[in-house]
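Good morning, and thank you for coming. I would ask you to look at the sequence and the structure together while I speak.

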Amino acid sequence: HDEEIAKTVATWTLKVLGSVQNEIGSLFVRILQQEQVTEEVNRLADKLVAYLCSSRTIQEKVGGLLVDAICLQSSRDSAALWAYDLVMRDDVTCGFRDLVVA
């Protein structure tokens, strides 16, 4: 008999929560947008960043990820395109010309 009551209560609770789902979501968003919550989240984020930046192990892993990212073909292609666009700019072309002529 207890299992049947538990199932009935669970079903009823889910129905009630489902019927006020939008209101609960709106309330949750309002709570998260409060200045004190935002300040606390920012404070915790600052502490996390400070911790991550002070960890030698994390610095080494991030460095490895950066090297891996730089070595990707898409990164190399993008760098080549950027270098080409840079060299073809009028101000750079004029600067090279002035350097060679001078």
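**Salt bridges, helix packing and a surface patch**

I begin with a charged pair: E40 and R43 are joined by a salt bridge, and their closest N and O atoms lie 2.5 Å apart. Please keep in mind throughout that this is a predicted model.

Where do E40 and R43 sit relative to one another? Both belong to helix α3, and because they are three residues apart there, about one helical turn separates them. As for their surroundings, E40 counts as partly exposed, since its relative accessibility is 34%. R43 is likewise classed as partly exposed, with a value of 39%. The general principle is that side chains of opposite charge can pair when their charged atoms come close.

How many salt bridges does a search of the whole structure find? The search finds four, and I shall describe two others besides the pair in α3.

One of them links E60 with R56, where the closest N and O atoms are 3.6 Å apart. These two residues are four apart in helix α4, so they too are separated by about one helical turn. R56 is an exposed residue, because its relative accessibility is 57% and the cut-off for exposed is over 50%.

Another salt bridge is formed by the side chains of D91 and R89, with a distance of 2.6 Å from N to O. Is each partner buried, partly exposed or exposed? D91 is partly exposed, having a relative accessible area of 47%. R89 falls into the partly exposed class as well, at 42%.

Let me now turn to the way the helices pack. Helix α3 covers residues 35–54 and helix α4 covers residues 56–71; their axes come within 5 Å and cross at roughly 80 degrees. An angle of that size makes α3 roughly perpendicular to α4. Which residues meet here? From α3 they are Y51, L52, C53 and S54, and from α4 they are R56, I58 and Q59. You will recognise R56 from the salt bridge with E60.

Helix α4 also packs against α5, at an angle of about 65 degrees and with the axes 5 Å apart. The two helices are therefore roughly perpendicular to each other. On the α4 side the contact is made by A69, I70 and C71, and on the α5 side by Q73, S75 and R76.

My next topic is the surface. L81, Y84, V87, M88, F96, L99, V100 and V101 form a nonpolar patch there, and together they have about 900 Å² of accessible area. Which elements give two or more residues to the patch? They are α5, spanning 73–88, and α6, spanning 90–101. As one example, take V100, which is located in helix α6. V100 counts as exposed because its relative accessibility is 70%.

Finally, I would like to compare distance along the chain with distance in space. R30 lies in helix α2, which runs over residues 21–32. With a relative accessible area of 52%, R30 is exposed. R30 and E3 are 27 residues apart in sequence, and their C-alpha atoms are 37 Å apart in space.

To summarise, we have seen salt bridges within α3 and within α4, a roughly perpendicular arrangement of α3 and α4 and of α4 and α5, and a nonpolar patch on the surface. Thank you for your attention.

Key. Residues numbered from 1 in each chain as written. Heavy atoms only, no water. Patch = residues over 30% accessible without salt bridge, like charges linked within 9 Å, V, L, I, M, F, W, Y side chains within 5 Å. Areas by Shrake-Rupley, 256 points an atom, 1.4 Å probe, with all protein chains shown as cover. Buried < 20%, exposed > 50% of the residue type's maximum accessible area, 1.4 Å probe, protein only. Axes fitted to C-alpha atoms, helices over the stretch in contact; angles between N-to-C directions. Parallel < 35°, antiparallel > 145°, perpendicular 65-115°, else oblique. Contact = heavy atoms within 4.5 Å.
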